[in-house]
Structure formats: structure tokens, C-alpha cells
Amino acid sequence: MAIDASQAAALAQDYASASGRVGVAGRKVLEGQAEETKQFQHDLVPVRSGDLQQHLRITYSGDGRSSTMYAEVGPAGESRGHGYFVEHGTSRMSAQPFIEPSAEAASKTFPSKVEAMMEEVTDGL
């Protein structure tokens, strides 16, 4: 059995060059999903004073050049504790989830967005 490996080096080079594009495109997909998730939370969070709604933030880790990127979406600063009690409830207040439903919604849409991005970035390889 003979194996033609003449194109292996070119293929390896193509995939190496695609990794930079994956990082940049992946960051865009992550940012888009994070913004959607934040908006979902904003629409769900109960509004009494508006403080919790105004303190929803997105914190990113990784910049697209590393193998790990993630976004944390939710209440920030002093509103973080308040968000926990709204999400899970207290002995005097029933839970009014807004974080978990947003995470569930994202888990249904994000994989297909990543798959589409990967197909676009690796098209022609």
C-alpha cells in the first residue's frame, strides 16, 4: 500500500494559518453571544429599583490567541450578592431566576454559532 504524503506539509501550513483566524472569529462569536445573554438577563431580571438591571456586565477572559476564551455575564460589583438572592430566593422572597434561563438559552444557540464560524474559517482547507 502506498501513501502519497506530498500535500501533508501544505495542509499543515493551512491549518496553522487557520488557527489565528479561528481565534479572531471565535472572539467575535463569543462577544455576540455574551451580548445576547446580557440582553436576555436584562429582559428577565425583575425591576424594582433598576439597580440590578443597570449592573449587568460582561467580563472576558482570553483574547482569541489562547486556547481558552470565556465570557462571564451577570451582575457585577455590589449587585452581585443581590443578584444571587434574586436568582435563588430567600426565606422571605421566592426565586426569580434570570441567570439560569439565560445560560440555558445560550447553551442551545452557541454551539451552532461556533460550528458555523468553524466552517467559514476552515472553508477551502
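Rings of Phe, Tyr and Trp, the last taken by its six-membered ring, pair if their centres lie within 6.5 Å. By this rule, the predicted model holds 1 aromatic pair. Tyr-84 and Phe-85 form the pair. Their ring centres are 5.8 Å apart, and their planes meet at 80°. The pair is edge-to-face, because planes over 60 degrees apart count as such. Phe-85 has a relative accessibility of 47%. That value places Phe-85 in the partly exposed class, because it lies between the limits of 20% for buried and 50% for exposed. Tyr-84, in contrast, is exposed.

The overall architecture can be stated briefly. The protein comprises 4 helices and 2 strands. From the N terminus on, these elements follow the order α-α-β-β-α-α. The protein has 125 residues, of which 25% are buried. Its accessible surface amounts to about 8,700 Å². Carbon and sulfur atoms account for 53% of that surface. Contacts were also examined by sequence separation. Among contacts between residues at least 6 apart in sequence, 56% join residues at least 24 apart.

Helix α3 spans residues 79–88. Its buried residues are Ser-79, Gly-83, Val-86 and Glu-87. Viewed down the axis of α3, these buried residues fall within an arc of 95°, so they line one face of the helix. They pack against three elements: α2 (51–54), β2 (70–75) and α4 (99–122). On the other side of α3, Tyr-84 and His-88 are exposed. Tyr-84 thus belongs both to this exposed side and to the aromatic pair with Phe-85. Just after α3 comes Gly-89, which takes a positive phi of about 85°.

Helix α1 covers residues 8–44 and includes Thr-37. The relative accessible area of Thr-37 is 10%. Thr-37 is therefore buried, because the cut-off is under 20%. Contacts of Thr-37 were considered without residues up to four places away in sequence. On that basis, Thr-37 touches Val-73, Ser-102 and Ala-106. Val-73 falls within the residue range of β2, 70–75. Ser-102 and Ala-106 fall within that of α4, 99–122. Both elements also receive the buried residues of α3.

A charge–ring arrangement completes the picture. The charged end of Arg-27 sits over the ring of Tyr-60. The distance from this charged end to the ring centre is 4.4 Å. Arg-27 lies within the range of α1, residues 8–44.

Key: Residues are numbered from 1 along each chain as its sequence is written. This is a predicted model: local features need pLDDT of at least 70, side-chain atom pairs count only at pLDDT 80 or more; totals for chains, interfaces and linings use all residues. Side-chain values use heavy atoms; hydrogens and water are left out. Buried means under 20% relative accessible area, exposed over 50%, partly exposed in between (1.4 Å probe, protein chains only). Contact means heavy atoms within 4.5 Å. The arc is that of the directions from the helix axis to the C-beta atoms. Rings of Phe, Tyr and Trp (its six-membered ring) pair if their centres lie within 6.5 Å; planes under 30 degrees apart count as stacked, over 60 as edge-to-face and the rest as tilted. A charge sits over a ring if NZ of Lys or CZ of Arg is within 6 Å of the ring centre and within 35 degrees of the ring normal. Accessible areas come from the Shrake-Rupley method with a 1.4 Å probe; for residues, only the protein chains shown count as cover.
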